[in-house]
Every structure is written in structure tokens, then in C-alpha cells.
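Reader: Could you walk me through this one? I would like to go strand by strand and then look at a helix.
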Amino acid sequence: HTMLGEYHRPFGIMLGSIAAVALAIMFFRMIPPSERTAHTMLGEYFMSGHASEGGPGFKFKILENGETTNGTYFQLLDRTTGDCGVGDDSGCGMTKCSPPYHTHLRQYEVFEILNGEFQFILEGNVHRAVKGEKVVVPPNAKHTFCRGPSMKDHEELQTRISLYPALNAGEFFPNIVGIFNDAGQNPNPLKVVWLMCHHHIRLVDIPGPVHEAMCVMLSFFGPLLGFRIVDATYAVEPSGGGVPDEEYIQKTAGMA
């Protein structure tokens, strides 16, 4: 009797986590499919046969990962074409290649525009950048991005995307792409959220407390459900040729 409360506590946590997952699933189902595809579930951003390096209208090439930079930064080259669509004054809307509105809890994300017009939404505000300009997204900032409205179908948007510090971004990108490619547009949402939890990414469309409860629950049950953080079949080796920004290497030296 004296210790009964201590036995009930973990059971209560488990029930609370299950309830959070149920609420999250209900939340997903309440969003119209078109909205869910573009903003919540990444949608067509990660589809291209089985290749884990792109989808219709976009390709990426990993230049450096944590292993090649001693953990200081991760970098990839992203290329998107007219198949992705373009944003407008209201944001990235239903563009096919726009990732969901999200945050990185422990990383700076730096976009260097190499060609074209880059549109990004940062904390609800629409901004644009062009070739030669740089966009910096600090940790915990809500953001997404897409091709700018001035771009023609035949024009290619090229951006060099870096994350400081690298953490395990070299594992995240090929694995999340592989999951979506293998499952089409309907991957297991819990698997997606679990992978993002592990890599300190949060989806803004999921209420914060629900997201955190899901992270706690999936840290226990994810492996039991067969979820894997790293799948060797999706592995992509970095090609090299990264261009680091020393300012952010220094700024994030204690964050790895």
C-alpha cells in the first residue's frame, strides 16, 4: 500500500503516452489529405522510386556528414525544378517539394543560394533570397522553404544546405527519404515522428506536449515495433567538397 503510488506512476506515464498518440492520429485525420501531404507528412518531397537521394522535381547530394567533419557540420546540395511548383505571397502552400513546418532543437540551418529564387517561411513570415545570398535559421525557429514565385518551370533552384553541428543528420536524410520512397505517400506516421524525435526535429503541426509525449513513448516502443534509426539499405556516402562556414562552426562548438 505504501509503495502503490510508485507502481502506478510508470503505468500512468504509459497510458498518457498512448493517449497522446491516439490524439495525434486523430489530429492527422482531421487535416484534409492535401494539407496533410504538404505540411504534415512531407508528402511528395521524398518520393523517387527507391533512390534515397531525391524525388520528383528534386535531388540532393550529401557533401559532408559528421564523420567527415569531426561532427562540426553536415552539408548537402539540393536541386529542385518546376515539378515542385512555386510559392506565393501567402507562403509555400501546396508546393510538392516543401518540407513540413518544423524546428531543429539543437542545430543552426544555413541555406546558401547558388541559383534561382529561394522562398522561406520563418516564424510565420515570408521571405525571399536569390543567388549569392544566405539564409540562417537558428535553433527552435519554425520554418519551411520552397522555390520562389519568379522561377520558371525549366529553371533549377540550387541551394547548399548546412546543419551546425552535424549531430546525426547524415543518417537522418537518407533514412527519412528511404522510408517515404518505400511507402509511397503513406508511410507509418509513428515511424516518421519517431525518427524526427531521435534527430531533435519537431513538426509544428503536432502540438508541442503531444509531440514530446510521443517521443517519450516511441523511445520505448519504437524498437519493439521494428522501427530502425539507421537502415543500411538507405545509406549514402558523402561525396566531399563541402564549404563550411567557420562562424557557425565556432558558434556551435559546444552544441554537439
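Author: A definition comes first, for use with the helix: the expected span of a helix is 1.5 Å times one less than its number of residues. Please also keep in mind that this is a predicted model.

Reader: Let's use that, then: how far apart are the end C-alpha atoms of helix H5?
Author: They are 20 Å apart, which agrees with the 20 Å that the 14 residues of H5, 208–221, should span at 1.5 Å a residue. The buried residues of this helix include Val210, His211, Ala213 and Met214.

Reader: Switching to strand S6, is it buried or exposed?
Author: Six of the six residues of S6, which covers residues 117–122, are buried, so the strand is largely enclosed by the rest of the structure. Glu117, Gln119 and Ile121 are buried on one side, and Phe118, Phe120 and Leu122 are buried on the other.

Reader: Which strands does S6 pair with?
Author: S6 pairs with S7 (residues 125–130) in the antiparallel sense over six bridges, and Phe118 has Ala129 as its bridge partner there. S6 also runs antiparallel to S9 (residues 143–147), joined by five bridges, with Phe120 partnered by Phe145.

Reader: And what about the hairpin of S6 and S7?
Author: Two residues lie between the strands, and Glu123 takes a positive phi near 55 degrees.

Reader: Arg147 is in S9; what does its side chain reach?
Author: The side chain of Arg147 reaches the backbone oxygen of Thr80 at 3.3 Å, and one of its polar atoms lies 2.8 Å from the backbone oxygen of Glu155. Arg147 counts as buried because its relative accessibility is 2%, under the 20% cut-off.

Conventions. Residues are numbered from 1 along each chain as its sequence is written. This is a predicted model: local features need pLDDT of at least 70, side-chain atom pairs count only at pLDDT 80 or more; totals for chains, interfaces and linings use all residues. Side-chain values use heavy atoms; hydrogens and water are left out. Buried means under 20% relative accessible area, exposed over 50%, partly exposed in between (1.4 Å probe, protein chains only). Helices (H or I, at least four residues) and strands (E, at least two) are DSSP runs, numbered from the N terminus. Two strands pair if DSSP finds at least two bridges between them. A polar contact is a pair of N or O atoms within 3.5 Å; within protein, one must be able to donate a hydrogen and the other to accept it, and residues adjacent in sequence count only if both atoms are side-chain atoms.
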